[in-house]
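This report describes a two-chain model for a reader who meets it here without prior acquaintance. The sequence and the structure are shown first, and the description follows.

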Amino acid sequence: MIKCHSETIRTPLCDAVLAITSDTNAGIYMRENTFGHLNLRGNPTDKAFLSSIETVLALNLPLIPCSSVRSDVFSVYWLGPSDWLLMVPIGTESQVAADLRDSLMGQHSAVVDISSAQALVNLSGVKLPELLQKAIVYDCDPTHLPVGKVVQTTFAKTGVTLCRCEDGSIDLIICRSFSDYFTLWLRDASAEYGLAVVDACLSRPKVSAQT
Amino acid sequence: MLQIYCPYCQELREETEFSYSGEAHIARPLEPQQLTDAQWADYLFFRTNPRGIHHEMWYHASGCRRYFNATRNTQTYEIYETYPLGQQPALTCDIGGKR
Ligand SMILES: [Zn+2]
């Protein structure tokens with residue numbers, strides 16, 4: 001039995017993983033990574049908007065569809081032509097949001113802290129491709145979903161944002177309110193492979209620079 | 001299942017990511033209070049429902065959450081093009097299609 005560390009696994013995922021039996025040869029490994037999540041909206045053709053963001057993050061927003069950029073501190077995902085997800089170290093989201101709002105003062109833009117609405121689950125393991133094929137119609141082959149690519153699609157009957165990590169694993173961002181559904185589905189789908197839950201890792205995102 | 005090209009995500013995605021949102025290029029009357037009931041009803045309820053080429057809105061609900069337009073053949077389901085809101089279709093007539 002894997003022990004669930006409630007200090008590190010914060011979402012309702014915690015309840016669902018308690019019953020999972022540990023398997024050293026598990027085909028699927030699951031880990032929740034906790035970050036602050038900020039949603040950014042603004043006009044990508046407005047140079048003032050872009051430079052205001054860059055001033056705070058020391059990053060250029062990804063403007064290429066389905067791409068991401070990353071620094072040592074932040075990750076930014078493209079969600080739409082005027083819509084980004086910014087992931088910041090847990091605990092800094094209020095300060096980063098305040099800094100962004102200061103920098104964007106008077107501009108047509110929005111910064112919203114959505115940390116409590118979302119959860120990030122990292123999946124890895126030798127059976128990951130098979131598992132993803134059951135849940136996701138999008139082609140998650142590394143040639144189609146390369147490192148750094150961000151895809152919003154469906155996971156079974158809920159929505160998900162996918163991003164391929166440098167180590168070949170996949171980050172899945174789900175609505176926290178769907179974490180029970182997500183985990184039950186995951187347990188069922190990975191029963192034939194074995195599912196192991198890894199302690200939450202509080203390090204920075206492993207997402208690489210955009211492709 | 002249809003595969004639909006989202007002009008914002010710029011790739012083909014499965015139909016399950018999208019939802020259909022009705023006929024495109026319907027301009028809201030600038031002064032609704034000036035219209036007769038018949039004109040208002042026509043704006044609200046009456047659609048062309050063509051057999052053949054049709055310009056319609058789709059919503060990338062599970063993806064980028066943007067509306068865009070598509071030119072689709074209502075007989076064959078073939079989608080000829082998709083294009084962002086605010087743009088005009090490249091294809092506007094069809095053999096046998098009434099428009
Ligand atoms: Zn899209």
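## The open sheet of chain B

In chain B, 4 strands form an open sheet in the order S3-S4-S5-S6, and the pairing is antiparallel. Strands here are DSSP runs of E with at least two residues, helices are runs of H or I with at least four, and both are numbered from the N terminus. Two strands pair if DSSP finds at least two bridges between them. The model is predicted, so local features need pLDDT of at least 70 and side-chain atom pairs count only at pLDDT 80 or more, while totals for chains, interfaces and linings use all residues. Residues are numbered from 1 along each chain as its sequence is written, and chains are lettered from A and ligands numbered from 1 in the order in which they are written.

Which strands of chain B stand at the edges of the sheet? They are strand S3 (19-23) and strand S6 (79-84); each has a single partner strand, so one side of each is left without a neighbour in the sheet. From one strand to the next, the twist averages 30 degrees; angles run from 0 to 180 degrees between N-to-C directions, and axes are lines fitted to C-alpha atoms, for helices over the stretch in contact.

S3(B) is joined by 3 bridges to strand S4 (residues 53-59) of chain B, and the two run antiparallel. Within this pair, B:Glu23 has B:Glu56 in S4(B) as its bridge partner. Strand S5 (residues 67-73) of chain B pairs with S6(B) over 5 bridges, in the antiparallel sense. B:Arg72 stands opposite B:Ile79 in S6(B). The hairpin of S5(B) and S6(B) has 5 residues between the strands, and B:Tyr77 takes a positive phi near 70 degrees there.

## Chain B beyond the sheet

Chain B has 1 helix and 6 strands, and its elements run β-β-β-α-β-β-β from the N terminus on. Along its principal axes, the C-alpha trace of chain B spans about 45 × 35 × 20 Å.

B:Gln39 is found in helix H1 (residues 37-45) of chain B. Is this residue, B:Gln39, buried or exposed? B:Gln39 is exposed, because 12 other C-beta atoms lie within 10 Å. A residue counts as buried with 20 or more other C-beta atoms within 10 Å of its own, as exposed with 12 or fewer, and as partly exposed in between, the C-beta atoms being placed from the backbone. B:Gln39 and B:Pro29 are 10 residues apart in sequence, and their C-alpha atoms are 9.6 Å apart in space.

## Two residues with positive phi

B:His25 has a positive phi although it is not a glycine, and A:Cys66 likewise has a positive phi without being a glycine. The table sets out their values.

| Residue | Phi | Place | C-beta neighbours inside 10 Å |
|---|---|---|---|
| B:His25 | about 60 degrees | loop between S3 and H1 of chain B | 11, exposed |
| A:Cys66 | about 60 degrees | loop between H2 and strand S3 (68-70) of chain A | 25, buried |

## Helices of chain A

The secondary structure of chain A comes to 5 helices and 11 strands. Of the 211 residues of chain A, 42% count as buried.

Helix H2 (residues 47-57) and helix H3 (residues 93-103) of chain A pack at an angle of about 145 degrees, and their axes are 9 Å apart. A:Ser52, A:Ile53, A:Thr55 and A:Val56 in H2(A) meet A:Asp99, A:Leu100 and A:Ser103 in H3(A); residues are in contact if their C-beta atoms, placed from the backbone, lie within 7 Å.

In helix H5 (residues 179-189) of chain A, the residues A:Ser179, A:Phe182, A:Thr183 and A:Leu186 are buried. Seen down the axis of H5(A), the buried residues fall within an arc of 90 degrees, so they line one face of the helix. This arc is that of the directions from the helix axis to the C-beta atoms. On the other side of H5(A), A:Leu184 and A:Asp188 are exposed.

## Where the chains meet

How many residues of chain A are in contact with chain B? There are 10, and they touch 11 residues of chain B. Strand S4 (75-80) and strand S8 (150-155) of chain A each supply at least two residues of the side that touches chain B. The largest share of that side, 3 residues, comes from S8(A).

How values were computed: Two residues are in contact if their C-beta atoms, placed from the backbone, lie within 7 Å.
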